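Here's an informal walk through one protein model, moving from single side chains out to the helices around them. Have the viewer open and follow along.

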Amino acid sequence: MPARSSTYLKSNVSMSERGFLPALWRFSSRAYIPDWFGVLLLALANLAILFFTPFHRLFSLDDRRISYPHADPERVPVPQLFFFSAGLPLLIITLYTLAAPSTSSKSHKLHVALLGLSTSLLLTAFTTDLIKNSVGRARPDLLARCAARPGTPRHELVDWTVCTQSDAHTLHDGFRSFPSGHSSFAWAGLGYLALFLAGQMGALRRGAGMARVVAAATPLVGAALIAISRTEDYRHDVFDVSVGTGIGAVTAWFAYRRWFRALQARKCDVPYEREEPEEEAGFRKLREVEMGRVAGLVNGEEVGDMADEWERERERV
């Protein structure tokens, strides 16, 4: 069967795939250059969005929902957020990959794991900031930030121009309540770390010990505590934190599953391989492999030469 598969694959390599440009494209694909280029674009988009001011919604000075005190310092400042959500997952993933025994290439696993972590963090940050600036919802501590000038009507809707706050960042950031950036970023990084550990330890496979589940879920406790701290500082309400948590968790799952198998799979600790496309390109070849007309791999399992048997079975039925 392997000999037949090799003959089929080699016979279907077109002359157009043997030049310099096709070889360059295959190399860039195996090195994940298009994916890293996407990460670079996300990083640039995150930098660009920092220069935009949010939409400023009208508010009232007698609104008790935005009358909470302004906490300074925060329980989890931004530098700590970056350490717990980005630096710590990067360190743990690197050390675990290099130290733990593996049936696959450690360099490839580490490469795609860090690529997934970068994608999760940057995509989450961009999505969150885009929504923040578009919605322009007032934070629970907006009035303390604003310091409205004397004589401002208390029972009427007013805009941000009544504020006397001299620090532009403090004032404009008061209109970036929804969703919570701390929550989404924490779940994007620590949530991704939890998925990675669960996959490497087989925590969700049948028969796995409870100790593995607890170890894999530990980063989620940290993410939850960071999210809760935002309500304790009166920077967000429960709705802001819940939506931020959802954005980070969903993005982390998307980034992880893009390069790793399902957590219940037999080889959940092995990332997908990006092989050189020697065979016939496109969905036609994939369809032939799935139908068993030619030998190949489907979800890591070898299949092939099954079409005739299926056809004979159907005729007997």
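Asn 46 is buried, because its relative accessible area is 11% and buried means under 20% (exposed is over 50%, partly exposed in between, with a 1.4 Å probe and protein chains only). You'll find Asn 46 in helix 3 (residues 33-49); helices here are DSSP runs of H or I with at least four residues, strands are runs of E with at least two, and both are numbered from the N terminus. Its side chain reaches the backbone oxygen of Leu 42 at 2.7 Å. The side chain of Asn 46 also reaches the backbone nitrogen of Phe 126, at 3.1 Å.

A word on where this comes from: the model is predicted, so to speak of local features pLDDT has to be at least 70, side-chain atom pairs count only at pLDDT 80 or more, and totals for chains, interfaces and linings use all residues. Residues are numbered from 1 along each chain as its sequence is written, and side-chain values use heavy atoms, with hydrogens and water left out.

Back to Asn 46. Setting aside neighbours within four places in sequence, Asn 46 is in contact (heavy atoms within 4.5 Å) with Leu 122, Ala 125, Phe 126 and Asp 129. The C-alpha atoms of Asn 46 and Leu 130 are 9.1 Å apart, with their places 84 residues apart along the chain.

Which residues of helix 5 meet helix 10? On the helix 5 side they include Leu 115, Gly 116, Thr 119, Leu 123, Thr 124 and Thr 128, and on the helix 10 side Ile 247, Gly 248, Thr 251, Ala 252 and Trp 259 are among them. The axes of helix 5 and helix 10 (residues 238-259) come within 9 Å and cross at roughly 150°. That makes the two helices roughly antiparallel, because angles over 145 degrees get that label (under 35 is roughly parallel, 65 to 115 roughly perpendicular, the rest oblique). For these numbers, axes are lines fitted to C-alpha atoms, over the stretch in contact for helices, and angles run from 0 to 180 degrees between N-to-C directions. The crossing is right-handed, the term for a near helix turned clockwise from the far one by less than a right angle (anticlockwise would be left-handed).

Helix 5 itself has 30 residues and should span 44 Å at 1.5 Å a residue, and its end C-alpha atoms, 43 Å apart, agree with that. The expected span is 1.5 Å times one less than the number of residues. Just after helix 5, Gly 136 takes a positive phi of about 65°.

Helix 8 (residues 181-201) tells a similar length story: 21 residues, reaching 30 Å from first C-alpha to last, close to the 30 Å expected. How many of its residues are buried? The count is 21 of the 21, so helix 8 is largely enclosed by the rest of the structure. Just after helix 8, Gly 202 has a positive phi of about 60°.

Ser 184 lies in helix 8 and is buried, with a relative accessible area of 1%. Beyond its sequence neighbours, Ser 184 is in contact with Thr 124, Thr 128, Gly 244, Thr 245, Ile 247 and Gly 248. Its side chain also makes a polar contact of 2.9 Å with the side chain of Thr 128. A polar contact is a pair of N or O atoms within 3.5 Å; within protein, one must be able to donate a hydrogen and the other to accept it, and residues adjacent in sequence count only if both atoms are side-chain atoms.

Here are some side chains that reach a backbone oxygen:

| Side chain | Backbone oxygen of | Distance |
|---|---|---|
| Asn 46 | Leu 42 | 2.7 Å |
| Ser 60 | Arg 154 | 3.1 Å |
| Thr 97 | Ile 93 | 2.7 Å |

Ser 60 is found in strand 1 (residues 59-60) and is buried at 10% relative accessible area. Its contacts beyond sequence neighbours include Ile 66, Leu 143 and His 155. Thr 97, in helix 4 (residues 78-99), is buried at 3%, and its partners further along the chain are Lys 106, Lys 109, Leu 110 and Phe 196.

Zooming out, the protein has 12 helices and four strands, and buried residues make up 41% of its 317 residues.
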